[in-house]
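Hi,

Here's the structure I said I'd pass along. Have a look first, and my notes on the aromatic side chains follow underneath.

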Amino acid sequence: WGIQNLLLNKDFNAFLNYKYPGLLKYFDNTIEVLHFQLSTQFTYYHELAHLIQFNKSKEEYTLNEREDSGNKKDIERHWLEINADTFASILVASHIEQYLFNHIGDDLDSEKTYDCITIFGTCLFSYIMSFASTTHTIYYFEKTHPHPIIRVLIVLITVIRLLSDSPKFKEKSISFSYNQVINSIINLHQSLEEKNILNNGISQMIIDSFQEINKIREYLEYLNKNKPQQYKDATEEWNRTLLN
């Protein structure tokens, strides 16, 4: 799927060159290659998180990114997926920061940082929304996996917040509005949909989801308060290992 829809999507790079003239010259690859790389990195860290979470139990062999055919309430599975998404988002954010400093360097400023985060955020948005069968109606515990809209919100919020709080950006007096980046990602994705460069209909789903934001917050708070004790928090375990 990634090869067909991301890596071979040459129109993506052409459109971004038109929309952000002069920006892509700093990149070491075309945007479709970076899109594929970023998606692969996210998947790698998500699956690594699952390995960290487990304590040698049979469940480690039953996880699947595609939701099961039957409907069943599975709070543990939801917690595992959201926790793995958060872990992957943290590490992907560090890669994005590193990439900007390595390839833009002294020319890096608030505008270029804002535009790059918009581009890479759009890449993550389109990739994560490919997970499972996406329905316009947001569900909560009705299926085996969290709704992709909830997952993409967690990913974007985590990545943008980490980057906006980055000490390295603050050293260069780089700042940007969190809400404006979210809106910019949605607007860019809508433009790509209108040009049939990316799949249609997804952008409107995330706009509609803002009407459910209180329910989404309650859902996430419930998962946080009901963490299954037999599993490790991937981020906490990662940080503990690094500190030791």
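This is a predicted model, and searching the whole of it turns up 11 aromatic pairs. One of them is Tyr 44 with Tyr 45, an edge-to-face pair with 5.1 Å centre to centre and 70 degrees between the planes. The two partners sit in contrasting surroundings: Tyr 44 is exposed, at 52% relative accessibility, whereas Tyr 45 is buried, at 14%.

Another pair to pull up on screen is Phe 87 with Trp 238, again edge-to-face, with 5.3 Å between centres and planes at 80 degrees. Phe 87 belongs to helix H4 (residues 75-103) and Trp 238 to helix H11 (residues 234-243), so this contact ties together parts that are 151 residues apart in sequence. As for accessibility, Phe 87 has a relative accessible area of just 2%, so it counts as buried because the cut-off is under 20%. Trp 238 comes out at 29%, which makes it partly exposed.

There's also a cluster to look at: Tyr 140, Phe 141, Tyr 219 and Tyr 222 group into one aromatic cluster.

Finally, which rings have a charged end sitting over them? Tyr 178 is one: the charged end of Arg 161 sits over its ring, 5.3 Å from the centre. Phe 101 is another, with the charged end of Lys 168 over its ring at 4.3 Å from the centre.

Cheers

Key: Residues numbered from 1 in each chain as written. Heavy atoms only, no water. Phe/Tyr/Trp six-rings, centres within 6.5 Å; stacked < 30°, edge-to-face > 60°. Buried < 20%, exposed > 50% of the residue type's maximum accessible area, 1.4 Å probe, protein only. Helix = DSSP H or I, 4+ residues; strand = E, 2+ residues; numbered from the N terminus. Lys NZ or Arg CZ within 6 Å of the ring centre and 35° of its normal.
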